[in-house]
Amino acid sequence: MTRKRRPAQGSRADRPTALLRRAAASQPPGPFRPGFWKSPLRGLWLTSVLAVVLLAGLSVMVITGLLSYAAYNPGLPHNDQTPGASLLKFYLFSWPTHPAWLYRVNQGIHITLGLALVPVLLAKLWSVLPRLFAWPPTRSPAQLLERLSLIMLVGGALFEFATGILDIQNYYVFPFSFYTAHLYGAWVFIAGLVIHVSVKFGLMRAGLRSRSLRRELRTPLAGTGPEDPDPSGLRAAHPGAPTISRRGLLAATGGASAGLMALVVGQSIGGWTRRIALFGPRGLSAAGTGTLPVNRTAAAAAITDLDVGDSYRLMLAGTRHVTLTREQVLAMPQHTVVLPIACVEGWSAAASWTGVRLADLARAAGITSPGPAQVESVQRKGPFRKVVLSTAQVNDPRSLLALRLDGADLPRDHGYPARTIIPGAPGVHCTKWVGRITFQEQA
């Protein structure tokens, strides 16, 4: 009887390595095979053109997004929605009150441009789709870095665009804070963008030089052919017949971007354009009713008659405490200003506000040189029921505790009996249903 020969020493240890080598050598079926992709439009030139447009647009998106975060003055107590992200706030500064339309313009650009870039982003992802299915996924450390940057770039972009669009619609189906997640997602995306551009910039420049944009825009479907082979493998291995020209693809992408822009920009610039702001629902509602949009109604905030009825009192805290009825606040010197309400969602609308200057209320509380102030709403829940205003915001003569809107008492949905209106501030920092203001002396 013969004994079975035992495997050579080390063969079992080598087995996982051999399996990995065989898996890398054999290509999975479907989209992982180069022959799966047939479109003759894909190539280095098309991807580079779309990349340039995205790079310019996304750079503006990054800047306006970071400025939007700065507008919340997260350096002040209670304002920070991301307390654990101290290293990501190196650029912060005190948000100015002049010009009053600063936040309105910033968010209008951010939201309008973001929606307009959606077709470009989708076209760019389509153009590089074969590379996302490349097999094996990585062959070298440099390629591994590229793949990691792609995960951060594509994943971050999809997350930012998806949550941003849901926020525009006020449709919070995600189980996390939009403000917190959007900031973290933005920095993941920025890191991926910087790495990817650093790795691919030379290739993008070569792609742009490989063909003439003017010539491509003049080439009809009949003259459309595949691009030259490129080292990145974007060109199809076995291209089929084109069903659309490159100029047709670019025109469709540009047309879709322009259409989306037209259907949202009205919520920011106002006038007759509000009537076509279909993707800015609150901007559209302002056009239909002639009144300011409302994001959070009194009912949604659980505001009752006990909160804002005859028993309502405004409490002022400083070197002394003062309790005032609404009638007593109305008896104080009143001022009227025209200021916009501007929301993070991109919509904005100007109105006439009448009320008492915050600086006057500070002096009523015994503060001679007003510094920051904490404003609290009577609503019991909500991330912005309590905000802190900067020294500049408190002392700006246009900063009011508003009691009247366009000559009439505030509607309850707009903060009756009193709300703040602050020039240049995000709408959520113009607190509704104000119940208490705590003033500090200027340091």
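**Close-up views of the predicted model**

**Figure 1. Salt bridge between Asp80 and Lys89**. Lys89 counts as buried, because its relative accessibility is 13%, below the 20% limit for that class. This view, like those that follow, shows a predicted model. The side chain of Lys89 meets that of Asp80 in a salt bridge, with 2.3 Å from N to O. Asp80 has a relative accessibility of 22% and therefore counts as partly exposed. Side chains of opposite charge can pair when their charged atoms come close. The structure holds eleven salt bridges, and further ones are shown in Figures 2 and 3.

**Figure 2. Salt bridge between Arg246 and Glu227, and the network around it**. The side chains of Arg246 and Glu227 meet at 3.8 Å, N to O. Arg246 belongs to helix α9 (residues 246-262), whereas Glu227 sits in the loop between α8 (213-218) and α9, so the pair ties together parts that are 19 residues apart in sequence. Arg246 and Glu227 are both buried. Arg211 and Glu216 join Glu227 and Arg246 in a network of salt bridges.

**Figure 3. Salt bridge between Glu376 and Arg436**. In this pair the side chains meet with 3.9 Å from N to O. The bridge links distant parts of the chain, with Glu376 in strand β5 (residues 370-377) and Arg436 in strand β10 (residues 434-441), 60 residues apart. Glu376 has a relative accessible area of 15% and is therefore buried. Arg436, with a relative accessible area of 25%, is partly exposed.

**Figure 4. Helix α3 and its buried residues**. The end C-alpha atoms of α3 are 21 Å apart, which agrees with the 21 Å that its 15 residues should span at 1.5 Å a residue. Eleven of these 15 residues are buried, so the helix is largely enclosed by the rest of the structure. Among the buried residues are Tyr103, Arg104, Asn106, Gln107, His110 and Leu115. The buried set also includes Gly108 and Gly114. Ile109 is likewise found in α3, which covers residues 102-116, but at 39% relative accessibility Ile109 counts as partly exposed.

**Figure 5. Nonpolar surface patch that includes Ile109**. Val60, Trp101, Val105 and Ile109 make a nonpolar patch of about 340 Å² on the surface. Ile109 is the member of helix α3 described in Figure 4.

**Figure 6. Pro96 and Pro99 in the loop between α2 and α3**. Pro96 lies in the loop that runs from α2 (44-70) to α3, and Pro99 has its place in the loop between these helices too. The peptide bond from His98 to Pro99 is cis, with omega near -10°. Pro96 counts as partly exposed, because its relative accessibility is 29%. Leaving aside residues up to four places away in sequence, Pro96 touches Leu102 and Pro423. The C-alpha atom of Pro96 is separated by 30 Å from that of Thr323, 227 residues apart along the chain.

**Figure 7. Cis peptide bond at Pro417**. The bond from Tyr416 to Pro417 is cis, and its omega is near 15°. Pro417 lies in the loop between β8 (408-409) and β9 (419-421).

**Figure 8. Positive phi at Ala302 and Trp433**. Ala302, a residue other than glycine, has a positive phi near 60°. Ala302 is placed in the loop between α11 (281-289) and α12 (305-308). At 45% relative accessibility, Ala302 counts as partly exposed. Trp433 also has a positive phi, near 55°, and lies in the loop between β9 and β10. Trp433 is buried, because its relative accessible area is 1%.

**Figure 9. Helix α6 and the residue Asn170**. Helix α6 (residues 141-168) has 28 residues. From first C-alpha to last, α6 reaches 40 Å, close to the 40 Å expected at 1.5 Å a residue. Asn170 follows the helix and has a positive phi, near 60°.

**Figure 10. The whole protein, for orientation.** The protein has 15 helices and ten strands. Its radius of gyration is 29 Å, well over the 22 Å given by the globule rule for 443 residues, so the protein is more spread out than a compact globule. Along the principal axes, the C-alpha atoms fill a box of roughly 100 × 70 × 40 Å. Of the 443 residues, 47% count as buried. Among contacts between residues at least 6 apart in sequence, 70% join residues at least 24 apart. The protein exposes about 21900 Å², of which carbon and sulfur atoms supply 64%.

Notes. Residues are numbered from 1 along each chain as its sequence is written. This is a predicted model: local features need pLDDT of at least 70, side-chain atom pairs count only at pLDDT 80 or more; totals for chains, interfaces and linings use all residues. Side-chain values use heavy atoms; hydrogens and water are left out. Helices (H or I, at least four residues) and strands (E, at least two) are DSSP runs, numbered from the N terminus. The expected span of a helix is 1.5 Å times one less than its number of residues. Patches are made of residues with over 30% relative accessible area and no salt bridge: like charges are joined within 9 Å, nonpolar side chains (Val, Leu, Ile, Met, Phe, Trp, Tyr) within 5 Å. Accessible areas come from the Shrake-Rupley method with a 1.4 Å probe; for residues, only the protein chains shown count as cover. A salt bridge is a side-chain nitrogen of Lys or Arg within 4 Å of a carboxyl oxygen of Asp or Glu. Buried means under 20% relative accessible area, exposed over 50%, partly exposed in between (1.4 Å probe, protein chains only). The radius of gyration is taken over C-alpha atoms; the globule rule is 2.2 Å times the number of residues to the power 0.38. Contact means heavy atoms within 4.5 Å.
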